[in-house]
Amino acid sequence: MAEKNRRDDEFADDRLDDEAFDDAVDDDATDEDEPVSRGGTATRSRVAKAGEKSETKRTETGRVGFFGRIARFFREVVAELRKVIWPTRKELLTYTAVVVVFVAFMLAIVGLLDLGFAKGVLAVFGN
């Protein structure tokens, strides 16, 4: 009985997300006032409508200056880092242990092969 309740709790959030998604899709299916975003960077700028002036600071030649490009780079880096799903402490320790064990295993294989080949070369070519 307790196991059945746990299973229901696991999928309860999924059902709620599906219902919210269905409601969102049905409500604004034909709304043409707002542009549809198909990806891009996770900046907080809004999309300019036709006829509005761009709010970016540009020089007279239409190019962004050196410091403007550096600032945009750091804004984009921060936006990308916010998208990252960071591991929990437990997951991080698990991943670290897996990597250490794998590296130790590969080190043992390579060390044994090196020892075997060294003995073989000495056997063939002598001392």
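What pLDDT does the protein average, and what share of the residues score at least 70? This is a predicted model, so colour it by confidence before anything else: the protein averages a pLDDT of 75, and 51% of the residues score at least 70.

**Stop 1: the two ends of the confidence scale**

Select residues 2-27. That is helix α1, where confidence is lowest, at a mean of 53. Where pLDDT is low, the predicted coordinates should not be read in detail. Now jump to residues 89-125, helix α3, where confidence is highest, at 97.

**Stop 2: along helix α3**

Stay on α3 and put a distance label between its first C-alpha and its last. With 37 residues, α3 reaches 53 Å, close to the 54 Å expected at 1.5 Å a residue. Then click on Gly126, which sits just after α3 and takes a positive phi of about 85°.

**Stop 3: a salt bridge in helix α2**

Next, select residues 66-83, helix α2, and show the side chains of Lys83 and Glu80. These two meet in a salt bridge, 3.1 Å from N to O. The structure holds one salt bridge, so once you have found this pair there is no other to hunt for. Both partners lie in α2, three residues apart, about one turn of the helix. An α-helix has 3.6 residues a turn, so residues three or four places apart point the same way.

Buried or exposed, or somewhere in between: how do Lys83 and Glu80 count? Lys83 is partly exposed at a relative accessible area of 41%, and Glu80 is likewise partly exposed at 40%.

**Stop 4: aromatic pairs**

Keep the view here and switch on the rings. A pair of aromatic rings is described by the distance of the centres and the angle of the planes. The count comes to two aromatic pairs. In one, Phe66 and Phe67 have ring centres 5.4 Å apart and planes at 75°; that angle is over 60°, so the pair is edge-to-face. Phe66 and Phe67 are both exposed. The other pair is Phe73 with Phe74, also edge-to-face, with 5.4 Å centre to centre and 70° between the planes. Phe73 lies in helix α2 and is partly exposed, with a relative accessible area of 49%.

**Stop 5: the nonpolar patch**

Finally, turn on the surface and select Phe66, Phe67, Ile70, Phe73, Phe74, Val77, Leu81, Val84 and Trp86. Together they make a nonpolar surface patch of about 960 Å². The four Phe residues from the previous stop, Phe66, Phe67, Phe73 and Phe74, are among them.

How values were computed
Residues are numbered from 1 along each chain as its sequence is written. This is a predicted model: local features need pLDDT of at least 70, side-chain atom pairs count only at pLDDT 80 or more; totals for chains, interfaces and linings use all residues. Side-chain values use heavy atoms; hydrogens and water are left out. A salt bridge is a side-chain nitrogen of Lys or Arg within 4 Å of a carboxyl oxygen of Asp or Glu. Helices (H or I, at least four residues) and strands (E, at least two) are DSSP runs, numbered from the N terminus. Buried means under 20% relative accessible area, exposed over 50%, partly exposed in between (1.4 Å probe, protein chains only). Patches are made of residues with over 30% relative accessible area and no salt bridge: like charges are joined within 9 Å, nonpolar side chains (Val, Leu, Ile, Met, Phe, Trp, Tyr) within 5 Å. Accessible areas come from the Shrake-Rupley method with a 1.4 Å probe; for residues, only the protein chains shown count as cover. pLDDT is the predictor's confidence in each residue, from 0 to 100. Rings of Phe, Tyr and Trp (its six-membered ring) pair if their centres lie within 6.5 Å; planes under 30 degrees apart count as stacked, over 60 as edge-to-face and the rest as tilted. The expected span of a helix is 1.5 Å times one less than its number of residues.
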